[in-house]
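Colleague: I am new to this structure. Please take me through one part of it closely.

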Amino acid sequence: MVRRTLLHAALRAWVIQCWWRSMQAKMLEQRRRLALRLYTCQEWAVVKVQAQVRMWQARRRFLQARQAACIIQSHWRWHASQTRGLIQGRYEVRASRLELDIEILMT
């Protein structure tokens, strides 16, 4: 009877130990998943910040290029309006000099 009681106690202890080990394994897996989830969230946050910075830099370069193009266009339009007209002329090349006759007509 004592042996049977000790055997039952040993089996119950063994069942409790198995249950405890399985619970520890589940808790460890949960901690591992939580750590992985946190790491993934941090990585995505870093990726989003990098994307925003790259977008801001690209937009800034685009705006600078657009502003430069607008300045060039405005100067070209001013120059074209100042020199609008026809340039007509003739030239002759002689032995030692160049004789140039240019007539500028503004329209």
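Modeller: What follows is a close look at helix 1, with the rest of the chain as its setting.

Keep in mind that this is a predicted model. Start with the whole. The chain comes to one helix and two strands. Read along the sequence, the pattern is α-β-β. Helix 1 covers residues 2-82. Confidence is highest there, at a mean of 94. It is lowest in strand 1, residues 86-93, where the mean is 54. Over the chain, pLDDT averages 85. A score of at least 70 is reached by 77% of the residues.

Now the surface. How much of the chain is buried? Buried residues make up 0% of the 107 residues. The exposed area is about 10800 Å². Carbon and sulfur atoms supply 63% of that area.

Next, the N-terminal stretch. UniProt, in an unreviewed entry, places the feature "signal peptide" at residues 1-25. In the model this span is 96% helix and 0% strand. The C-alpha atoms at its two ends lie 36 Å apart.

A nonpolar patch comes next. Leu7, Leu11, Trp14 and Val15 make it. Its area is about 420 Å². One of these residues, leucine 7, has its place in helix 1.

Move on to the aromatic rings. The structure holds one aromatic pair. Its members are tryptophan 19 and tryptophan 20, with ring centres 6.2 Å apart. Why is the pair called tilted? The planes stand at 45°, so the pair is tilted. The cut-offs make this clear: planes under 30 degrees apart would count as stacked, and over 60 as edge-to-face. Tryptophan 19 is partly exposed, at 49% relative accessibility. Tryptophan 20 is also partly exposed, with a relative accessible area of 43%.

Last, the charged side chains. How many salt bridges are there? The count comes to two. Take glutamate 29 and arginine 32 to begin with. They form a salt bridge, and the closest N and O atoms are 2.7 Å apart. Both residues lie in helix 1. They are three residues apart, about one turn of the helix.

The other bridge links arginine 33 to glutamate 29, at 3.1 Å from N to O. Both of these residues lie in helix 1 too. Here the spacing is four residues, again about one turn of the helix. Shared partners join Glu29, Arg32 and Arg33 into one network.

How open are these three to the surroundings? Glutamate 29 has a relative accessible area of 30%, so it is partly exposed. Arginine 32 is partly exposed as well, at 46% relative accessibility. Arginine 33 counts as exposed, at 52%. The line between the two classes explains that: exposed means over 50% relative accessible area.

To sum up helix 1: it runs through residues 2-82, and its mean confidence is 94. Within it, glutamate 29 pairs with arginine 32 and with arginine 33.

Key: Residues numbered from 1 in each chain as written. Predicted model: local features only at pLDDT ≥ 70, side-chain atom pairs only at ≥ 80, totals over all residues. Heavy atoms only, no water. Patch = residues over 30% accessible without salt bridge, like charges linked within 9 Å, V, L, I, M, F, W, Y side chains within 5 Å. Areas by Shrake-Rupley, 256 points an atom, 1.4 Å probe, with all protein chains shown as cover. Salt bridge = Lys/Arg side-chain N within 4 Å of Asp/Glu carboxyl O. Buried < 20%, exposed > 50% of the residue type's maximum accessible area, 1.4 Å probe, protein only. UniProt positions renumbered as here; feature names shortened; annotations may be inferred. pLDDT = per-residue confidence, 0-100. Phe/Tyr/Trp six-rings, centres within 6.5 Å; stacked < 30°, edge-to-face > 60°.
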